[in-house]
Amino acid sequence: MDFVDQLKSQVNIVSVIGQYVQLKKASRDRYSGLCPFHKERTPSFSVSEVKQFYHCFGCHVSGDVLKFVMEIEGVSFYEALKGLAERHGIPMPKRSEYADEDSRTRAALMQMHELAQEHFRANLHSSTGEVALAYLARRGVRPETIEQFGLGYSLPSGRSLLRMFEERQFPAAQMEASGLVGQSQSGGYYDRFRNRLMFPIHDADGKIIAFGGRALAADEKSKYLNSPETPIYRKSKTLYNLHRAKEAIRKEQRAILVEGYMDAIGVSAAGFGAVVAICGTAFTAQQIQAIKRHAPHIVVNLDPDGAGAKATEKAIGLLLEEDMKVRIMELDGGLDPDEYCKQRGAEAYREKLDQAKEYFYWLADGARKKYDVHTNEGVVSVLQFLLPAVRRISDRLERMAIANDVAAYIGVPSGMVLDSFRKSAADRQEKYIELPRATVPPDERGLINLLLSNAEGCDRLIEELARVETLDRLGTRRILQAIVAVHAAGGRATFDAVGARLEDNDRRILAEMLFADDPAVEEFGIEWGAKCIGRLLHTDEQNRYLKLKARIYELERAGKLDEAMPLAEELGRLKQGSMASRRGVQ
Ligand SMILES: [Zn+2]
């Protein structure tokens, strides 16, 4: 067994996926939950513990435990392998054949970020770093907070980090790929971050994958500078502070969303650990899903200015798309969350947090300021304004309840709101994913289940199966042929290996058969499988028999008796053989 197989046999796919998806046991060997790869309300994502694979009947993704980790974490095969091995205390083989070029680059970039982090932190406490420390003191950031968030300082000279990388002989290509080093037009390299307060950005596991830098010189053009996208940093997947916040988010079942690094740090230091920040990147569905893995509720607390209100409106739409429960928190005095915590104190912030409104009240407030609800036109305008957000609520009852609330809030009869919402509901055709039932005969279903879950049975039966001529007439022929082909190529017939040789539709049928609640696989023992193949071979004979009979009849009618004679003899032999094999089968 090679290392990949060994790892897969020691890792329980249900518990690994269960860390990302709430799985419920749906039948004997089917755990199901809401798919993490597409948006759905009816669980169509299924995991098999015995056969060690997952499949979504909605978006048709499927694979084994390694593929799942690769997809959901956005990591390479090698990293998924290494991560799972580490988490389960399984030692990796020393000279690993799995470390491909891509993974080596990523490992080097991680290492460069660790080095940069040490460097920036040391700079902060050097004499040159005074300017940064003074800034932090002015913003009321305590020394322990500076430590906790790993804040640092990039030197103005512009070559110190570069020299460190050169001393350690990182190749130029890796330096460029890291995003920490830039190249001038003359071809020379320089540090991307200079004279800036440095914020390390981590992935969900807490590894540093990027930096944000705040300018300290007043004349600097861009106040904030972030790492560019690199092989280890995907902006659309990353939220600032999520790795620290996730425990608290789970515990409190809600996250607080703020705009910048200082907001996240300030709010967290005031005792609200469940805070994450967008930090200058576009808010994306993937970021929301990263939060949703931990809690369904979110309180949006973006900046109080006009741009912040626009961003909030946009965030609401995105969050509703992902079925998050959204509240909006508003701070008075034009203060951002960090300033509010410092000036008014944690208690005042807590109060605002508890008072956070359901998002539609916030939207209605905005609309009420814009339109005059004492006129019919005004009310219509308000409803028009609210409609896009309300339309995004996929639950009908919830939509009705909100319609009532909105009606009371803007002071119109609820029937009027309901009418306009109902109209919008009509054009929103809710799509439910039906699990299509493939009608596969029990013999084929049982046989395929047996071959994929019983390696010994597969070894013993496969040659016999390959002999079956009728195979290419069966509805499941492509699946059975794929199993035969995988085996012939020396592989083990797993869902992954077989599925890789199939078109989407056949892979779906295969997944359905494997998840169908058939009697326990043990009941489909090897003996049963042998009989099943016997029945298929018998069908072969019957077919041959019928074909021969038809041919003889044809020849006889054409008067070609000498040609018909030898065939008639063969027919007799077939008949005897068929009766013998029939006795064997029954
Ligand atoms: Zn899906």
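Let me start with a pair of helices: helix 5 and helix 8 are oblique to each other, because oblique is what remains once angles under 35 degrees are taken as roughly parallel, over 145 as roughly antiparallel and 65 to 115 as roughly perpendicular. What we are looking at is a predicted model, in which local features need pLDDT of at least 70 and side-chain atom pairs count only at pLDDT 80 or more, while totals for chains, interfaces and linings use all residues. Residues are numbered from 1 along each chain as its sequence is written, and side-chain values use heavy atoms, with hydrogens and water left out. Helices (H or I, at least four residues) and strands (E, at least two) are DSSP runs, numbered from the N terminus.

To return to that pair, the axes of helix 5 (residues 101-124) and helix 8 (residues 160-167) come within 11 Å and cross at roughly 135°, where axes are lines fitted to C-alpha atoms, for helices over the stretch in contact, and angles run from 0 to 180 degrees between N-to-C directions. On the helix 5 side, Met112, Leu115, Ala116, His119 and Phe120 meet Ser160, Leu161, Met164 and Phe165 of helix 8, contact being heavy atoms within 4.5 Å. By class, the residues of this contact are seven nonpolar, two polar and no charged, with Ala, Val, Leu, Ile, Met, Phe, Trp, Tyr, Cys and Pro counted as nonpolar, Asp, Glu, Lys and Arg as charged, and the others, Gly among them, as polar.

Met112 also appears in the surroundings of Ser178, which touches Leu109, Met112, His113 and Thr230 when residues up to four places away in sequence are not counted. Ser178 belongs to helix 9 (residues 172-178), and it is buried, with a relative accessible area of 0%; buried means under 20%, exposed over 50% and partly exposed in between, with a 1.4 Å probe and protein chains only. Between Ser178 and Glu229, 51 residues apart along the chain, the C-alpha separation is 9.0 Å.

A second oblique pair is formed by helix 14 and helix 15. The axes of helix 14 (residues 337-344) and helix 15 (residues 346-354) come within 6 Å and cross at roughly 130°. Here Pro337, Tyr340, Cys341 and Arg344 of helix 14 meet Ala346, Ala348, Tyr349 and Lys352 of helix 15, and this contact has six nonpolar, no polar and two charged residues.

Next, two helices whose lengths can be checked. For the 16 residues of helix 13 (residues 306-321), 1.5 Å a residue gives a span of 22 Å, and the end C-alpha atoms are 23 Å apart, which agrees; the expected span is 1.5 Å times one less than the number of residues. Gly308, Thr312, Ala315, Ile316, Gly317, Leu319 and Leu320 are buried in helix 13, and their cover includes helix 12 (285-292), strand 14 (297-300), strand 15 (325-328), helix 16 (359-370) and helix 17 (376-391). Just after helix 13, Asp323 takes a positive phi of about 60°.

For helix 20 (residues 442-453), twelve residues should span 16 Å, and the end C-alpha atoms are 16 Å apart, again in agreement. Its buried residues, including Glu444, Asn449 and Leu452, pack against helix 21 (455-467), helix 22 (477-488), helix 23 (495-499), helix 24 (504-515) and helix 25 (526-557).

Finally, two loop residues: Gln52, with phi near 55°, lies between strand 3 (45-48) and strand 4 (53-56), and Asn195, with a positive phi of about 50°, lies between strand 8 (189-191) and strand 9 (196-202).
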